[in-house]
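Please look through the notes below with the model open beside you. They begin with one surface site and then move to the interior, the loops and the overall make-up.

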Amino acid sequence: MNQSNLKDYLMLHFIVLIWGFTAILGLLISLPSLELVFYRTLLATVGVALIMVFRKKPMWVTTPELLKITGVGAIISLHWILFFWSAKVSTASVCLAGMATTSLWTAFVDPLINRTRVKWYEVALGLLVISGLLVIFQFETGYWLGLTMALVSAFLAALFSVLNGRLTQKHTPYQITLYEMGAASLFALLFMPLYSAFLMDGAPIQWAWKGLDWFWLLILGGICTVYAFSVSVDLMKRLPVFSINLTINLEPVYGILLAVLVFGESEKMTPQFYLGTLIILISVLIYPVLNYWNKRRKAVRTLG
């Protein structure tokens, strides 16, 4: 590995570390999850728009394509709402344990949308993830709501990732991010009346920031969203997709370690929780290895 590749891999791990920090930022910001997502996506929309203007990137897409992209943006908005809500009703560690199932959700969502075969080892790993979740549920019953929210959020993350995979064939990452973040912000805004009336028992929307909320929101919208996105796109030009996906699977590990460092005792869970999380993470890390092996085996058969 030359010095240039080593620098790229170190930068990739830094980006994954940033993504692992988002659940912690959700706890540091006093805003409820919906208001937090609204501000995050609004700031990200403005940030990406400024980057596109500065770099003279094309912005416009056709109306049918715009509708597809904004539909995915609504899914992203709901994903983030549940993600931050999960952390707030439980802990950052519980949230990240649920989010560790994203790549395995993708393994089942992708064949349904792209009409491909479900692989046997994906089913086996899915069962392994379920066993890890059962261990967590058995000993951490007080966090069942937060973990359930995280699992649904992970499913939505898998769904929009697969849909984005199709959109990237026609549009630039900047176009997709601009309209998805804009749609996510609009969805959060339109959802607020229902959220206030039925989920918050009529409590008013909390628009005002408190203390250092403005600072953490700038980090969340600027560094964790706009900066991390632009750098990850740049790294995709030079690093193998397999290496990138394998490294991204470490996000929950980084996040849980950071949560313990930042919040201390409040984030420390029972040994059974970490056992269940370890089972999930093992299955997540095994998946790309098996997937890569399966593709190599098929390639050898084709050449033979």
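1. Leu 127 is exposed, with a relative accessible area of 56%, where exposed means over 50% relative accessible area, buried under 20%, and partly exposed in between, using a 1.4 Å probe and protein chains only. The residue lies in helix α7, which spans residues 120–139; helices here are DSSP runs of H or I with at least four residues, strands are E runs of at least two, and both are numbered from the N terminus.

2. Leu 127 also belongs to a nonpolar surface patch, together with Val 118, Val 123, Ile 130 and Leu 134, and these residues jointly offer about 450 Å² of accessible area. Such areas come from the Shrake-Rupley method with a 1.4 Å probe, and for residues only the protein chains shown count as cover. A patch is built from residues with over 30% relative accessible area and no salt bridge, with nonpolar side chains (Val, Leu, Ile, Met, Phe, Trp, Tyr) joined within 5 Å and like charges within 9 Å; a salt bridge is a side-chain nitrogen of Lys or Arg within 4 Å of a carboxyl oxygen of Asp or Glu.

3. This is a predicted model, in which local features need pLDDT of at least 70 and side-chain atom pairs count only at pLDDT 80 or more, whereas totals for chains, interfaces and linings use all residues. Residues are numbered from 1 along each chain as its sequence is written, and side-chain values use heavy atoms, with hydrogens and water left out.

4. Thr 45, in helix α3 (residues 33–55), is buried at a relative accessible area of 17%. Beyond its neighbours within four places in sequence, Thr 45 is in contact (heavy atoms within 4.5 Å) with Leu 178, Met 181 and Gly 182.

5. Lys 56 sits in the loop between α3 and α4 (63–89), and is exposed at 75% relative accessibility. Although Lys 56 is not a glycine, its phi is positive, at about 60 degrees.

6. How many disulfides are there? The count is zero, a disulfide being taken as a pair of cysteine sulfur atoms within 2.5 Å. Cys 95 is buried at 0% relative accessibility, and Cys 224 is buried too, at 3%.

7. As for the whole protein, there are 13 helices and zero strands, and buried residues make up 49% of its 304 residues. Of the contacts with a separation of 6 or more, 86% involve residues 24 or more positions apart. The protein exposes about 15,400 Å², of which carbon and sulfur atoms supply 71%.
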